[in-house]
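Hi everyone, thanks for making the time this morning. I'd like to walk you through a few spots in the structure on the screen, so let's get it up.

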Amino acid sequence: MAGSSPAARKSQQWSSPDRTRLSSLLLDDRNTELSHQDALAAAQAEHDRVREAAVRVYHDYELQEEHKRLLEQQRRILDQQRKEEERIRSEERLRAEEERLRALKATTVPKLPPEPPAPATEANGSSAPREQPRPVLSGLSGALLSAKPSLFNQQQAACTKGPSTQINGTRNGVKTSHPSVPQPFSSPQTLPQEQPSKAPSVFAQAPRPTAPQQNGLSPVAPAKPSTVTDADRYIEIHKNLKKLRASLTEQSRLSPTLKQRLGDMRRELRKNMGQLVGEKGGNKKQIATIQTLLNESLGGNVPSELVDPSLFITDKRDPVEGAVHNEPQLPSLFIYLLNHFAKAVINQFINECGAQPKTADPIGVITAMIFSNKAYLWRGKSLIDILMAKFRVVCPVLFGYRGSETTEQGRLRLGWKRSGSGWAPEQQHTDRMKGLGVGYAAISLRDFSKSPNTNPWPPSKYWTTMARIVRTPPADISNTQCIVLRAMIEAYEERFIHFYGNAAIAALRNALVEFPNKAKVKTPGVSGLQVLAQILKRDIGLEL
(Lines give C-alpha, C1' and ligand atoms only; values in the text may rest on other atoms or scores of the structure.)
Protein backbone atom coordinates (compact mmCIF):
# COMPACT_ATOMS: atom_id res chain seq x y z
CA MET A 1 0.00 0.00 0.00
CA ALA A 2 1.10 3.48 -0.72
CA GLY A 3 2.46 5.27 2.24
CA SER A 4 2.60 2.15 4.36
CA SER A 5 5.76 0.82 5.95
CA PRO A 6 7.42 -2.18 4.28
CA ALA A 7 6.56 -5.60 5.68
CA ALA A 8 8.94 -7.03 8.19
CA ARG A 9 11.20 -9.69 6.67
CA LYS A 10 12.08 -12.81 8.57
CA SER A 11 15.69 -14.08 8.21
CA GLN A 12 15.79 -17.68 7.08
CA GLN A 13 19.57 -18.09 7.46
CA TRP A 14 20.14 -17.36 11.11
CA SER A 15 17.77 -18.39 13.83
CA SER A 16 17.61 -16.33 16.94
CA PRO A 17 19.13 -17.91 20.03
CA ASP A 18 17.07 -19.45 22.81
CA ARG A 19 16.52 -16.41 24.85
CA THR A 20 14.96 -18.42 27.64
CA ARG A 21 18.21 -20.29 28.39
CA LEU A 22 20.34 -17.25 27.95
CA SER A 23 18.07 -15.26 30.10
CA SER A 24 18.27 -17.83 32.84
CA LEU A 25 22.02 -17.50 32.87
CA LEU A 26 21.81 -13.75 32.99
CA LEU A 27 19.35 -13.68 35.83
CA ASP A 28 20.45 -12.25 39.08
CA ASP A 29 19.34 -15.30 41.07
CA ARG A 30 21.47 -17.80 39.16
CA ASN A 31 23.80 -18.29 42.15
CA THR A 32 21.11 -18.69 44.72
CA GLU A 33 20.69 -21.82 46.87
CA LEU A 34 17.52 -22.81 45.06
CA SER A 35 19.28 -22.71 41.70
CA HIS A 36 22.07 -24.93 42.99
CA GLN A 37 19.56 -27.42 44.43
CA ASP A 38 17.80 -27.64 41.07
CA ALA A 39 21.12 -28.29 39.35
CA LEU A 40 22.05 -30.99 41.86
CA ALA A 41 18.67 -32.66 41.46
CA ALA A 42 19.08 -32.71 37.72
CA ALA A 43 22.58 -34.21 38.06
CA GLN A 44 21.31 -36.87 40.49
CA ALA A 45 18.54 -37.84 38.11
CA GLU A 46 21.04 -38.18 35.29
CA HIS A 47 23.33 -40.27 37.53
CA ASP A 48 20.46 -42.59 38.48
CA ARG A 49 19.52 -43.02 34.87
CA VAL A 50 23.06 -43.94 33.84
CA ARG A 51 23.42 -46.30 36.81
CA GLU A 52 20.17 -48.11 36.07
CA ALA A 53 21.24 -48.52 32.46
CA ALA A 54 24.59 -49.96 33.58
CA VAL A 55 22.95 -52.38 36.04
CA ARG A 56 20.53 -53.52 33.35
CA VAL A 57 23.38 -54.16 30.92
CA TYR A 58 25.33 -56.06 33.64
CA HIS A 59 22.35 -58.27 34.44
CA ASP A 60 21.87 -59.02 30.76
CA TYR A 61 25.56 -59.98 30.52
CA GLU A 62 25.29 -62.30 33.56
CA LEU A 63 22.26 -64.03 32.05
CA GLN A 64 24.13 -64.55 28.81
CA GLU A 65 27.17 -65.98 30.63
CA GLU A 66 25.00 -68.31 32.75
CA HIS A 67 23.29 -69.51 29.60
CA LYS A 68 26.67 -70.19 27.99
CA ARG A 69 27.86 -72.06 31.11
CA LEU A 70 24.78 -74.27 31.14
CA LEU A 71 25.17 -75.02 27.46
CA GLU A 72 28.84 -75.90 27.99
CA GLN A 73 28.00 -78.16 30.95
CA GLN A 74 25.27 -79.87 28.95
CA ARG A 75 27.69 -80.41 26.07
CA ARG A 76 30.32 -81.86 28.42
CA ILE A 77 27.79 -84.24 29.99
CA LEU A 78 26.65 -85.36 26.56
CA ASP A 79 30.27 -85.98 25.55
CA GLN A 80 30.86 -88.08 28.68
CA GLN A 81 27.68 -90.03 28.05
CA ARG A 82 28.77 -90.68 24.50
CA LYS A 83 32.21 -91.85 25.64
CA GLU A 84 30.71 -94.14 28.29
CA GLU A 85 28.28 -95.59 25.77
CA GLU A 86 31.15 -96.19 23.39
CA ARG A 87 33.17 -97.84 26.19
CA ILE A 88 30.25 -100.10 27.10
CA ARG A 89 29.76 -101.06 23.47
CA SER A 90 33.47 -101.81 23.15
CA GLU A 91 33.42 -103.96 26.29
CA GLU A 92 30.34 -105.78 25.06
CA ARG A 93 32.03 -106.44 21.72
CA LEU A 94 35.17 -107.62 23.52
CA ARG A 95 33.15 -109.89 25.79
CA ALA A 96 31.33 -111.34 22.81
CA GLU A 97 34.66 -112.00 21.09
CA GLU A 98 36.06 -113.64 24.25
CA GLU A 99 32.98 -115.85 24.54
CA ARG A 100 33.33 -116.80 20.91
CA LEU A 101 37.03 -117.57 21.44
CA ARG A 102 36.23 -119.78 24.43
CA ALA A 103 33.55 -121.56 22.47
CA LEU A 104 36.05 -122.18 19.68
CA LYS A 105 38.64 -123.47 22.15
CA ALA A 106 36.10 -125.77 23.73
CA THR A 107 35.11 -127.21 20.37
CA THR A 108 37.11 -130.27 19.40
CA VAL A 109 37.02 -132.14 16.13
CA PRO A 110 37.54 -135.91 16.40
CA LYS A 111 40.48 -137.24 14.44
CA LEU A 112 40.01 -139.70 11.61
CA PRO A 113 41.13 -143.27 12.22
CA PRO A 114 44.40 -144.20 10.52
CA GLU A 115 44.10 -145.55 6.99
CA PRO A 116 44.82 -149.26 6.53
CA PRO A 117 48.24 -149.88 4.98
CA ALA A 118 48.23 -150.68 1.24
CA PRO A 119 48.89 -154.38 0.42
CA ALA A 120 52.48 -154.91 -0.66
CA THR A 121 52.70 -157.10 -3.83
CA GLU A 122 55.76 -159.33 -4.18
CA ALA A 123 57.53 -160.13 -7.39
CA ASN A 124 55.75 -163.46 -7.77
CA GLY A 125 52.41 -161.72 -7.49
CA SER A 126 51.60 -162.98 -4.03
CA SER A 127 50.64 -160.40 -1.47
CA ALA A 128 52.59 -160.08 1.79
CA PRO A 129 50.74 -160.88 5.00
CA ARG A 130 48.93 -157.78 6.21
CA GLU A 131 49.71 -156.55 9.67
CA GLN A 132 46.63 -156.23 11.81
CA PRO A 133 46.17 -152.62 12.92
CA ARG A 134 46.22 -152.08 16.66
CA PRO A 135 43.14 -150.56 18.20
CA VAL A 136 43.52 -146.93 19.29
CA LEU A 137 43.35 -146.71 23.09
CA SER A 138 42.33 -143.50 24.78
CA GLY A 139 41.81 -142.25 28.27
CA LEU A 140 42.45 -144.34 31.32
CA SER A 141 42.75 -147.72 29.52
CA GLY A 142 45.73 -146.57 27.49
CA ALA A 143 47.37 -145.10 30.54
CA LEU A 144 47.00 -148.35 32.47
CA LEU A 145 48.45 -150.44 29.65
CA SER A 146 51.34 -148.06 29.20
CA ALA A 147 52.10 -148.26 32.91
CA LYS A 148 52.31 -152.05 33.08
CA PRO A 149 55.94 -152.46 31.86
CA SER A 150 57.27 -149.87 34.27
CA LEU A 151 55.31 -151.44 37.11
CA PHE A 152 56.76 -154.84 36.30
CA ASN A 153 60.29 -153.46 36.16
CA GLN A 154 59.85 -151.67 39.50
CA GLN A 155 58.57 -154.81 41.13
CA GLN A 156 61.60 -156.75 39.87
CA ALA A 157 63.90 -154.02 41.21
CA ALA A 158 62.15 -154.18 44.56
CA CYS A 159 62.81 -157.88 44.83
CA THR A 160 66.57 -157.41 44.34
CA LYS A 161 66.96 -154.64 46.93
CA GLY A 162 67.21 -154.89 50.69
CA PRO A 163 64.27 -154.44 53.01
CA SER A 164 65.28 -150.91 53.98
CA THR A 165 64.88 -149.54 50.43
CA GLN A 166 61.85 -147.31 49.94
CA ILE A 167 59.96 -147.91 46.71
CA ASN A 168 56.90 -145.87 45.71
CA GLY A 169 56.04 -144.76 49.18
CA THR A 170 57.26 -147.84 51.11
CA ARG A 171 58.48 -147.30 54.62
CA ASN A 172 60.51 -149.80 56.67
CA GLY A 173 60.11 -152.45 53.98
CA VAL A 174 56.30 -152.27 53.99
CA LYS A 175 54.69 -151.22 50.75
CA THR A 176 52.09 -148.55 51.33
CA SER A 177 50.98 -147.59 47.82
CA HIS A 178 51.27 -148.56 44.21
CA PRO A 179 53.08 -146.45 41.64
CA SER A 180 51.01 -143.57 40.45
CA VAL A 181 49.20 -144.04 37.17
CA PRO A 182 48.71 -140.98 34.95
CA GLN A 183 45.07 -139.97 34.98
CA PRO A 184 43.71 -138.05 31.99
CA PHE A 185 41.29 -136.11 34.21
CA SER A 186 43.42 -135.67 37.30
CA SER A 187 43.43 -132.17 38.73
CA PRO A 188 46.75 -130.31 39.07
CA GLN A 189 48.33 -129.87 42.46
CA THR A 190 47.19 -126.73 44.21
CA LEU A 191 50.62 -125.96 45.60
CA PRO A 192 53.26 -126.68 42.96
CA GLN A 193 56.04 -125.70 45.34
CA GLU A 194 55.85 -129.17 46.86
CA GLN A 195 57.53 -130.65 43.78
CA PRO A 196 61.21 -131.38 44.41
CA SER A 197 63.56 -129.01 42.66
CA LYS A 198 66.21 -130.34 40.33
CA ALA A 199 69.03 -128.32 41.87
CA PRO A 200 69.76 -127.79 45.57
CA SER A 201 68.33 -124.51 46.84
CA VAL A 202 69.30 -122.26 49.68
CA PHE A 203 65.71 -122.62 50.87
CA ALA A 204 65.88 -126.43 51.17
CA GLN A 205 65.90 -126.06 54.96
CA ALA A 206 65.49 -123.01 57.14
CA PRO A 207 68.78 -122.28 58.94
CA ARG A 208 69.06 -121.56 62.62
CA PRO A 209 69.20 -117.90 63.70
CA THR A 210 72.61 -116.47 64.44
CA ALA A 211 71.91 -116.18 68.17
CA PRO A 212 69.62 -118.18 70.48
CA GLN A 213 66.43 -116.29 71.25
CA GLN A 214 63.57 -116.70 73.64
CA ASN A 215 60.89 -115.91 71.11
CA GLY A 216 60.00 -119.25 69.62
CA LEU A 217 62.95 -119.22 67.22
CA SER A 218 65.39 -121.50 69.00
CA PRO A 219 65.77 -123.91 67.42
CA VAL A 220 64.11 -123.28 64.08
CA ALA A 221 62.46 -126.34 62.63
CA PRO A 222 63.01 -127.15 58.96
CA ALA A 223 60.67 -125.16 56.74
CA LYS A 224 58.16 -127.68 55.47
CA PRO A 225 56.02 -126.51 52.56
CA SER A 226 52.35 -126.35 53.38
CA THR A 227 50.22 -129.06 51.94
CA VAL A 228 47.00 -128.54 50.09
CA THR A 229 45.08 -129.57 53.20
CA ASP A 230 46.74 -126.87 55.34
CA ALA A 231 46.06 -124.19 52.75
CA ASP A 232 42.46 -125.25 52.35
CA ARG A 233 42.09 -125.13 56.13
CA TYR A 234 42.51 -121.35 56.01
CA ILE A 235 39.63 -121.20 53.54
CA GLU A 236 37.51 -123.22 55.96
CA ILE A 237 38.45 -120.85 58.78
CA HIS A 238 37.45 -117.90 56.63
CA LYS A 239 34.06 -119.51 55.97
CA ASN A 240 33.61 -120.25 59.68
CA LEU A 241 34.30 -116.60 60.47
CA LYS A 242 31.55 -115.56 58.08
CA LYS A 243 29.17 -117.94 59.82
CA LEU A 244 30.22 -116.48 63.17
CA ARG A 245 29.44 -112.97 61.93
CA ALA A 246 25.98 -114.12 60.82
CA SER A 247 25.48 -115.76 64.21
CA LEU A 248 26.36 -112.53 66.06
CA THR A 249 23.95 -110.61 63.85
CA GLU A 250 21.19 -113.05 64.76
CA GLN A 251 22.07 -112.85 68.46
CA SER A 252 21.96 -109.06 68.37
CA ARG A 253 18.39 -109.17 67.07
CA LEU A 254 17.33 -111.06 70.17
CA SER A 255 19.42 -109.01 72.62
CA PRO A 256 19.16 -105.19 72.41
CA THR A 257 22.08 -104.84 74.83
CA LEU A 258 24.33 -106.92 72.60
CA LYS A 259 23.15 -105.08 69.50
CA GLN A 260 24.01 -101.66 70.85
CA ARG A 261 27.33 -102.69 72.40
CA LEU A 262 28.37 -104.71 69.35
CA GLY A 263 28.13 -101.71 67.06
CA ASP A 264 29.95 -99.46 69.54
CA MET A 265 32.79 -101.97 69.96
CA ARG A 266 33.21 -102.37 66.23
CA ARG A 267 33.34 -98.63 65.60
CA GLU A 268 35.70 -98.01 68.52
CA LEU A 269 38.10 -100.71 67.36
CA ARG A 270 38.11 -99.44 63.78
CA LYS A 271 38.63 -95.84 64.91
CA ASN A 272 41.65 -96.69 67.08
CA MET A 273 43.23 -98.76 64.31
CA GLY A 274 42.98 -95.74 62.04
CA GLN A 275 44.76 -93.53 64.61
CA LEU A 276 48.03 -95.49 64.78
CA VAL A 277 51.20 -93.39 64.43
CA GLY A 278 54.82 -94.25 63.74
CA GLU A 279 56.29 -92.54 66.80
CA LYS A 280 57.65 -94.79 69.54
CA GLY A 281 55.21 -94.91 72.42
CA GLY A 282 52.60 -92.93 70.51
CA ASN A 283 50.08 -95.78 70.32
CA LYS A 284 49.67 -96.56 74.03
CA LYS A 285 46.18 -95.11 74.18
CA GLN A 286 45.03 -97.03 71.10
CA ILE A 287 46.47 -100.33 72.36
CA ALA A 288 44.86 -99.86 75.78
CA THR A 289 41.47 -99.16 74.19
CA ILE A 290 41.63 -102.27 71.99
CA GLN A 291 42.68 -104.45 74.93
CA THR A 292 39.82 -103.02 77.01
CA LEU A 293 37.33 -104.03 74.32
CA LEU A 294 38.73 -107.57 74.13
CA ASN A 295 38.76 -107.91 77.92
CA GLU A 296 35.16 -106.77 78.06
CA SER A 297 34.15 -109.42 75.52
CA LEU A 298 35.90 -112.10 77.60
CA GLY A 299 34.55 -110.91 80.94
CA GLY A 300 30.94 -111.73 80.17
CA ASN A 301 29.60 -108.22 80.76
CA VAL A 302 28.11 -108.36 77.28
CA PRO A 303 26.42 -111.77 77.00
CA SER A 304 27.03 -113.84 73.87
CA GLU A 305 26.88 -117.50 72.96
CA LEU A 306 29.91 -119.74 73.42
CA VAL A 307 31.79 -121.09 70.41
CA ASP A 308 34.48 -123.73 69.88
CA PRO A 309 37.81 -121.98 69.08
CA SER A 310 39.06 -125.07 67.23
CA LEU A 311 36.89 -123.93 64.32
CA PHE A 312 39.28 -121.03 63.78
CA ILE A 313 42.72 -122.67 64.08
CA THR A 314 44.73 -125.09 61.94
CA ASP A 315 46.12 -127.38 64.67
CA LYS A 316 44.61 -129.62 67.31
CA ARG A 317 45.12 -128.41 70.87
CA ASP A 318 44.83 -130.06 74.24
CA PRO A 319 44.56 -128.28 77.59
CA VAL A 320 47.88 -126.85 78.78
CA GLU A 321 48.84 -126.42 82.41
CA GLY A 322 48.99 -122.78 83.39
CA ALA A 323 47.05 -121.49 80.38
CA VAL A 324 44.54 -118.71 81.03
CA HIS A 325 41.89 -120.29 78.82
CA ASN A 326 41.73 -124.09 78.75
CA GLU A 327 37.96 -124.38 78.49
CA PRO A 328 36.53 -126.00 75.35
CA GLN A 329 34.57 -122.88 74.39
CA LEU A 330 35.04 -119.10 74.39
CA PRO A 331 32.53 -116.23 74.03
CA SER A 332 31.62 -115.73 70.40
CA LEU A 333 31.88 -111.94 70.88
CA PHE A 334 35.61 -112.31 71.66
CA ILE A 335 36.27 -114.30 68.47
CA TYR A 336 34.16 -111.77 66.54
CA LEU A 337 36.23 -108.84 67.81
CA LEU A 338 39.48 -110.66 67.00
CA ASN A 339 38.13 -111.23 63.52
CA HIS A 340 37.21 -107.55 63.17
CA PHE A 341 40.65 -106.57 64.47
CA ALA A 342 42.27 -108.81 61.84
CA LYS A 343 40.07 -107.25 59.16
CA ALA A 344 41.13 -103.76 60.25
CA VAL A 345 44.80 -104.81 60.09
CA ILE A 346 44.39 -106.08 56.52
CA ASN A 347 42.58 -102.89 55.47
CA GLN A 348 45.32 -100.72 56.98
CA PHE A 349 47.98 -102.64 55.04
CA ILE A 350 46.04 -102.30 51.79
CA ASN A 351 45.04 -98.64 52.10
CA GLU A 352 48.19 -97.11 53.59
CA CYS A 353 51.25 -99.32 53.25
CA GLY A 354 51.32 -99.73 49.46
CA ALA A 355 52.49 -96.15 48.93
CA GLN A 356 54.22 -95.75 52.34
CA PRO A 357 55.84 -99.04 53.45
CA LYS A 358 57.17 -97.53 56.68
CA THR A 359 53.63 -97.17 58.05
CA ALA A 360 53.39 -100.98 58.24
CA ASP A 361 55.71 -101.28 61.24
CA PRO A 362 53.40 -99.83 63.94
CA ILE A 363 50.58 -101.99 62.60
CA GLY A 364 52.83 -105.05 62.84
CA VAL A 365 53.77 -104.12 66.41
CA ILE A 366 50.19 -103.89 67.66
CA THR A 367 49.24 -107.05 65.73
CA ALA A 368 52.02 -109.08 67.36
CA MET A 369 51.21 -107.55 70.74
CA ILE A 370 47.52 -108.48 70.61
CA PHE A 371 47.94 -112.01 69.25
CA SER A 372 50.78 -112.79 71.71
CA ASN A 373 48.96 -111.53 74.79
CA LYS A 374 48.54 -114.43 77.21
CA ALA A 375 45.01 -113.29 78.05
CA TYR A 376 43.99 -113.85 74.42
CA LEU A 377 45.61 -117.26 73.90
CA TRP A 378 43.64 -120.49 73.81
CA ARG A 379 45.28 -123.49 75.42
CA GLY A 380 48.65 -121.78 75.43
CA LYS A 381 48.75 -120.84 71.72
CA SER A 382 47.81 -117.83 69.67
CA LEU A 383 44.66 -117.41 67.58
CA ILE A 384 46.60 -115.67 64.80
CA ASP A 385 45.23 -118.20 62.30
CA ILE A 386 42.22 -115.86 62.12
CA LEU A 387 44.48 -113.18 60.61
CA MET A 388 46.33 -115.65 58.38
CA ALA A 389 43.02 -116.88 56.95
CA LYS A 390 42.37 -113.34 55.73
CA PHE A 391 45.91 -113.12 54.30
CA ARG A 392 45.23 -116.41 52.48
CA VAL A 393 42.15 -114.92 50.80
CA VAL A 394 43.54 -111.51 49.79
CA CYS A 395 47.16 -112.56 48.99
CA PRO A 396 47.41 -116.29 48.11
CA VAL A 397 50.96 -115.74 46.79
CA LEU A 398 52.20 -115.73 50.40
CA PHE A 399 51.03 -119.35 50.70
CA GLY A 400 52.61 -120.63 47.50
CA TYR A 401 49.75 -120.16 45.06
CA ARG A 402 50.55 -119.01 41.55
CA GLY A 403 48.78 -118.52 38.26
CA SER A 404 48.73 -116.63 34.99
CA GLU A 405 47.66 -112.99 35.09
CA THR A 406 46.21 -113.29 31.59
CA THR A 407 43.43 -115.72 32.58
CA GLU A 408 40.51 -115.30 34.95
CA GLN A 409 41.32 -118.48 36.87
CA GLY A 410 44.93 -117.39 37.20
CA ARG A 411 43.96 -113.97 38.52
CA LEU A 412 41.66 -115.55 41.09
CA ARG A 413 44.53 -117.75 42.29
CA LEU A 414 46.76 -114.67 42.61
CA GLY A 415 44.22 -112.69 44.65
CA TRP A 416 43.37 -110.12 41.97
CA LYS A 417 40.30 -108.26 43.24
CA ARG A 418 37.20 -107.85 41.15
CA SER A 419 35.84 -104.31 40.72
CA GLY A 420 32.21 -104.14 39.69
CA SER A 421 31.71 -106.21 36.59
CA GLY A 422 35.41 -106.55 35.81
CA TRP A 423 38.84 -106.70 37.42
CA ALA A 424 40.46 -103.97 39.47
CA PRO A 425 42.96 -101.78 37.58
CA GLU A 426 46.52 -103.04 37.46
CA GLN A 427 47.88 -100.13 39.53
CA GLN A 428 45.31 -100.78 42.26
CA HIS A 429 46.24 -104.47 42.30
CA THR A 430 49.93 -103.57 42.52
CA ASP A 431 49.35 -101.24 45.49
CA ARG A 432 47.31 -103.93 47.28
CA MET A 433 50.03 -106.55 46.85
CA LYS A 434 52.74 -104.12 48.00
CA GLY A 435 50.84 -103.27 51.16
CA LEU A 436 50.09 -106.90 51.97
CA GLY A 437 53.68 -108.01 51.31
CA VAL A 438 55.26 -105.39 53.56
CA GLY A 439 52.55 -105.99 56.15
CA TYR A 440 53.34 -109.69 56.25
CA ALA A 441 57.01 -108.85 56.83
CA ALA A 442 56.08 -106.37 59.58
CA ILE A 443 54.23 -109.15 61.44
CA SER A 444 56.63 -112.07 60.94
CA LEU A 445 59.96 -110.27 61.48
CA ARG A 446 59.35 -109.17 65.06
CA ASP A 447 61.99 -109.62 67.77
CA PHE A 448 60.56 -111.26 70.91
CA SER A 449 63.95 -111.86 72.58
CA LYS A 450 63.13 -109.40 75.38
CA SER A 451 59.45 -110.27 75.68
CA PRO A 452 57.98 -112.85 78.07
CA ASN A 453 55.40 -113.76 75.44
CA THR A 454 55.80 -116.18 72.55
CA ASN A 455 56.04 -114.87 69.01
CA PRO A 456 52.69 -115.74 67.36
CA TRP A 457 54.18 -115.75 63.83
CA PRO A 458 57.97 -116.18 64.08
CA PRO A 459 60.57 -115.35 61.39
CA SER A 460 60.64 -118.99 60.27
CA LYS A 461 57.23 -118.31 58.68
CA TYR A 462 58.81 -115.47 56.69
CA TRP A 463 61.56 -117.82 55.51
CA THR A 464 58.99 -120.43 54.45
CA THR A 465 56.96 -117.86 52.51
CA MET A 466 60.02 -116.62 50.66
CA ALA A 467 60.96 -120.20 49.82
CA ARG A 468 57.51 -120.87 48.38
CA ILE A 469 57.86 -117.94 46.00
CA VAL A 470 61.45 -118.45 44.79
CA ARG A 471 60.85 -122.16 44.11
CA THR A 472 58.40 -121.25 41.35
CA PRO A 473 59.37 -122.76 37.98
CA PRO A 474 60.69 -120.14 35.52
CA ALA A 475 57.71 -120.44 33.18
CA ASP A 476 55.22 -119.84 36.04
CA ILE A 477 56.79 -116.72 37.55
CA SER A 478 54.21 -113.91 37.60
CA ASN A 479 54.45 -110.18 38.08
CA THR A 480 52.35 -110.42 41.25
CA GLN A 481 54.83 -112.82 42.89
CA CYS A 482 57.71 -110.43 42.18
CA ILE A 483 55.78 -107.46 43.59
CA VAL A 484 54.97 -109.32 46.81
CA LEU A 485 58.54 -110.63 47.14
CA ARG A 486 60.06 -107.16 46.77
CA ALA A 487 57.58 -105.69 49.26
CA MET A 488 58.55 -108.39 51.78
CA ILE A 489 62.26 -107.59 51.42
CA GLU A 490 62.35 -103.82 50.98
CA ALA A 491 62.71 -101.95 54.29
CA TYR A 492 63.09 -105.26 56.20
CA GLU A 493 66.30 -106.70 54.75
CA GLU A 494 68.40 -105.63 57.75
CA ARG A 495 66.00 -107.24 60.19
CA PHE A 496 66.03 -110.43 58.10
CA ILE A 497 69.84 -110.47 58.20
CA HIS A 498 69.71 -109.84 61.96
CA PHE A 499 67.76 -113.07 62.44
CA TYR A 500 69.56 -115.37 59.98
CA GLY A 501 72.97 -113.80 59.31
CA ASN A 502 74.86 -115.23 56.30
CA ALA A 503 71.96 -117.53 55.47
CA ALA A 504 69.76 -114.47 54.99
CA ILE A 505 72.32 -112.96 52.59
CA ALA A 506 72.30 -116.18 50.56
CA ALA A 507 68.51 -116.13 50.55
CA LEU A 508 68.49 -112.49 49.36
CA ARG A 509 70.90 -113.42 46.57
CA ASN A 510 68.52 -116.19 45.53
CA ALA A 511 65.49 -113.88 45.67
CA LEU A 512 66.95 -110.73 44.08
CA VAL A 513 69.47 -112.15 41.59
CA GLU A 514 68.85 -115.78 40.68
CA PHE A 515 65.05 -115.70 40.85
CA PRO A 516 64.53 -112.73 38.45
CA ASN A 517 67.28 -113.98 36.13
CA LYS A 518 65.51 -117.29 35.54
CA ALA A 519 62.13 -115.68 34.74
CA LYS A 520 61.00 -116.35 31.18
CA VAL A 521 59.02 -113.08 30.90
CA LYS A 522 60.68 -109.87 32.07
CA THR A 523 57.77 -108.10 33.74
CA PRO A 524 58.01 -104.81 35.70
CA GLY A 525 58.02 -106.86 38.90
CA VAL A 526 61.04 -108.87 37.74
CA SER A 527 62.88 -105.65 36.93
CA GLY A 528 61.90 -104.29 40.35
CA LEU A 529 63.69 -107.17 42.09
CA GLN A 530 66.86 -106.51 40.10
CA VAL A 531 66.65 -102.79 40.89
CA LEU A 532 66.24 -103.54 44.61
CA ALA A 533 69.49 -105.54 44.53
CA GLN A 534 71.27 -102.47 43.16
CA ILE A 535 69.63 -100.23 45.77
CA LEU A 536 70.84 -102.48 48.60
CA LYS A 537 74.34 -102.38 47.17
CA ARG A 538 74.25 -98.58 46.98
CA ASP A 539 72.58 -97.80 50.33
CA ILE A 540 73.88 -100.44 52.76
CA GLY A 541 76.79 -101.91 50.80
CA LEU A 542 75.22 -105.35 50.45
CA GLU A 543 76.89 -107.03 47.49
CA LEU A 544 74.73 -109.85 46.14
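**Cysteines, a glutamine and the core**

Let's start with cysteine 395, which is buried, with a relative accessible area of 0%. Please keep in mind that this is a predicted model. Cysteine 482 gives a matching story: its relative accessible area is 0%, so this residue counts as buried, the cut-off being under 20%. And how many disulfides does the count come to? The count comes to 0 disulfides.

Now, on to glutamine 481. You'll find glutamine 481 in helix α13, which covers residues 479-489. Is glutamine 481 buried or exposed? With a relative accessible area of 2%, glutamine 481 falls under 20% and is therefore buried. What does its side chain make a polar contact with? The partner is the side chain of threonine 472, at 3.0 Å. Leaving aside residues up to four places away in sequence, glutamine 481 touches Val397, Tyr401, Arg402, Ile469 and Asp476, as well as Thr472.

Last stop, the nonpolar interior. The largest nonpolar core has 96 residues, and Met273, Leu387, Phe391 and Phe496 are those with the most contacts inside it. Helix α7, residues 332-352, supplies the largest share of this core, with 13 residues. If you'd like one residue to click on, try leucine 387: again not counting residues up to four places away in sequence, leucine 387 touches Ala342, Val345, Ile346, Thr367, Phe371 and Ile443.

That's my tour, and I'm happy to go back to any of these spots.

Methods. Residues numbered from 1 in each chain as written. Predicted model: local features only at pLDDT ≥ 70, side-chain atom pairs only at ≥ 80, totals over all residues. Heavy atoms only, no water. Helix = DSSP H or I, 4+ residues; strand = E, 2+ residues; numbered from the N terminus. Buried < 20%, exposed > 50% of the residue type's maximum accessible area, 1.4 Å probe, protein only. Polar contact = N/O pair within 3.5 Å; in protein donor to acceptor, adjacent residues only side chain to side chain. Contact = heavy atoms within 4.5 Å. Core = buried A, V, L, I, M, F, W, Y, C linked by side-chain atoms within 4.5 Å. Disulfide = S-S within 2.5 Å.
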